[in-house]
Structures are given as C-alpha cells and as structure tokens.
Amino acid sequence: MSKEMLNIALPKGRLGEKVYSMFEKAGYECPSIHEKNRKLIFENEEKGVRYFWVKPSDVAIYVERGAADIGVAGKDILNEYEPNVYELLDLNTGICKMMVAAPANFHDDKSRTLRVATKFVNVARTYYASKSRDIDIIKLNGSIEIAPILGLSDVIVDIVETGTTLRENNLKVYEDIFPISARLISNKSSFQFKTSQIEDLVEAMKVQVDRK
Ligand code: PRP
C-alpha cells in the first residue's frame, strides 16, 4: 500500500521559509518548492509530504478543519483564535513578544476607559480582563503603531520582534503580555489516524530544534 501523504500548512513569508528549511533538514524535503513560480502546493510522494503555503493567520484554520494534518503557527495566533488542535512542539524560532506599547509620555489614567488598538482582540480582552481594566477595543488590520500617534488610541497591543518599528515611531514597551514562538500543531483526528507518521516527523523536528 502506498504511504498516505501528510498535508502540511506552512505560513507564507520569512518564518515559513525558515521553518521549511527545518523540515528539509529533518528529511522531509520537497525540492520543487524552490522552483521560481507562484504555485502554492508542492509534494514529494516518496517522502510522503505535501506542503502548502497559506496566510500565517490561516494555518490554524486549515489544521483545525483537517484540510492540513499539521502546520506551523505562532503562539500569538494560537492564543488569539484558540483553535481546537494539538500543539506538538515549540520550534524555538519566530521568537517575539506580545506587548502593550504607548507613546513615551503615556500615563495610564485608571479613572478613564483605556482605548486599545490591536489586531489581537481576544488577547487584549483577556489581558485587560485579568487586570479588571475597562477598555475600548479598536480593531485594526495592520500598521497598528500609527493609532496612538494620531490619537486614535491610548495604547496598542501588538507584536514586537526587533523593536525597530516602535523605536522609529517614538513608542515604548509599556507591559509584556507573553512570549511568542512558532509551534508545530496537528489536527486532532489526523493525529489518531496518522500517529506514527506524525510522531516520526515530530522526533526528526526535535533534533533540528535542539541543534539550533
Ligand atoms: C509586525 C508587528 C509590528 C512589527 C514588529 O508587523 O505588528 O508592526 O512586526 O517588528 P519589529 O519589532 O521587528 O519592528 P507586520 O510586519 O506583521 O505588519 P503589520 O502588522 O503592520 O501588518
């Protein structure tokens, strides 16, 4: 019987490239992925893997619904959407932080509702609920750093990697919320049906993580 393919959702972009090279070194290469074209699906039948590139914030949706057996998603996305998946391995890459940032002269007036601009609505709600702080969420889709500069919000809840975007826009980290890294996730029923295939892959990826 031919081996069943493992469907793997990768986040399009820099993180995805890094993570794919971990899969490659772990013995799950798919040479056609390096061809210069705009294809989104690549497979290596011999290795039993089929990769597809999706928007980073969509990886968890593909995996939760079983369109992908496994995938790679940042802890930011997992905390925001809380998909019903297994988190198999911390890949120790794509490291950054979720934080609250504000203009340098920001002073939190606790008697007022705090206006928070963010892409991460659930993360922000949960964080401020734990502090019993009243907030007004302003949901944006990108360039969040502009919001406090233009007076649209008091603070932002967003990701900081190098800190360059904050620095160049005169904002400062005000509070840390949680550390972020990329995680290998699995669809729950795929894990029951393709247990040994997935476990072998996790073991091979662990070796790559430990080598870093
Ligand atoms: C993320 C984040 C910050 C920036 C942080 O933005 O929202 O804007 O990266 O990185 P840094 O600390 O290294 O400067 P992303 O590139 O995902 O774009 P967007 O949120 O504006 O869409």
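The following paragraphs describe a predicted model of a protein chain with its ligand, moving from the overall build to the ligand site and then to a few single residues.

A good place to start is the chain as a whole. Its secondary structure comes to 8 helices and 11 strands. Taken along the principal axes, the C-alpha atoms fill a box of roughly 70 × 35 × 30 Å. The chain has 212 residues, and 48% of them count as buried.

With that frame in mind, the ligand can be located. In this predicted model the ligand sits in the largest pocket. Two elements give two or more residues each to the shell around the ligand, namely strand E9, which spans residues 155-160, and helix H6, which spans residues 164-168. The largest share of the shell comes from E9, with 3 residues. The residues around the ligand begin, in sequence order, with Lys119, Gly142, Ser143 and Glu145. They continue with Asp158, Ile159, Val160, Glu161, Thr162, Gly163, Thr164 and Thr165. Sorted by character, the shell divides into 6 polar, 4 charged and 2 nonpolar residues.

Three contacts with oxygen atoms of the ligand can be followed in the structure above. For Thr165, a polar side-chain atom lies 2.4 Å from an oxygen atom of the ligand. Lys119 also uses its side chain, where a polar atom lies 2.7 Å from a ligand oxygen. In the case of Ser143, the partner is a polar backbone atom, and the separation from an oxygen atom of the ligand is 2.8 Å. How much of the ligand does the protein cover? On its own the ligand has 500 Å² of accessible area, and the protein covers 66% of this.

Two residues of the chain deserve a look for their backbone angles. Most residues other than glycine have a negative phi. Ser132, although not a glycine, has a positive phi of about 50°. Ser132 is found in the loop between H4 and strand E8, the latter made of residues 135-139. Is Ser132 buried or exposed? Ser132 counts as exposed because its relative accessibility is 68%, and the cut-off for exposed is over 50%. Asn170 is the other example, with a positive phi near 55° in a residue other than glycine. The loop that holds Asn170 runs between H6 and strand E10, which covers residues 171-180. Asn170 has a relative accessible area of 61%, so this residue is exposed.

Helix H4, which spans residues 121-130, contains Tyr128. Buried means under 20% relative accessible area, and Tyr128 has 3%, so Tyr128 is buried. Tyr128 can also be placed relative to Val116: the two are 12 residues apart along the chain, and their C-alpha atoms are separated by 9.9 Å.

A last stop is His107, which is located in the loop between strand E6 (96-103) and strand E7 (114-118). The relative accessibility of His107 is 64%, and therefore His107 counts as exposed. Where does Asp154 lie with respect to His107? Along the chain, His107 and Asp154 are 47 residues apart, while their C-alpha atoms are separated by 9.2 Å.

How values were computed:
Residues are numbered from 1 along each chain as its sequence is written. This is a predicted model: local features need pLDDT of at least 70, side-chain atom pairs count only at pLDDT 80 or more; totals for chains, interfaces and linings use all residues. Side-chain values use heavy atoms; hydrogens and water are left out. A residue is near a molecule or strand if one of its heavy atoms lies within 4 Å of it. A polar contact is a pair of N or O atoms within 3.5 Å; within protein, one must be able to donate a hydrogen and the other to accept it, and residues adjacent in sequence count only if both atoms are side-chain atoms. Accessible areas come from the Shrake-Rupley method with a 1.4 Å probe; for residues, only the protein chains shown count as cover. On a 1 Å grid over the protein atoms alone, a cavity is a set of points where a 1.4 Å probe fits but cannot get out, and a pocket is an open set with protein on both sides within 12 Å along at least five of seven lines; lining residues have an atom within 4 Å of a point. A molecule sits in a cavity or pocket if more than half of its atoms lie within 2 Å of its grid points. Helices (H or I, at least four residues) and strands (E, at least two) are DSSP runs, numbered from the N terminus. Ala, Val, Leu, Ile, Met, Phe, Trp, Tyr, Cys and Pro count as nonpolar, Asp, Glu, Lys and Arg as charged, and the others, Gly among them, as polar. Buried means under 20% relative accessible area, exposed over 50%, partly exposed in between (1.4 Å probe, protein chains only).
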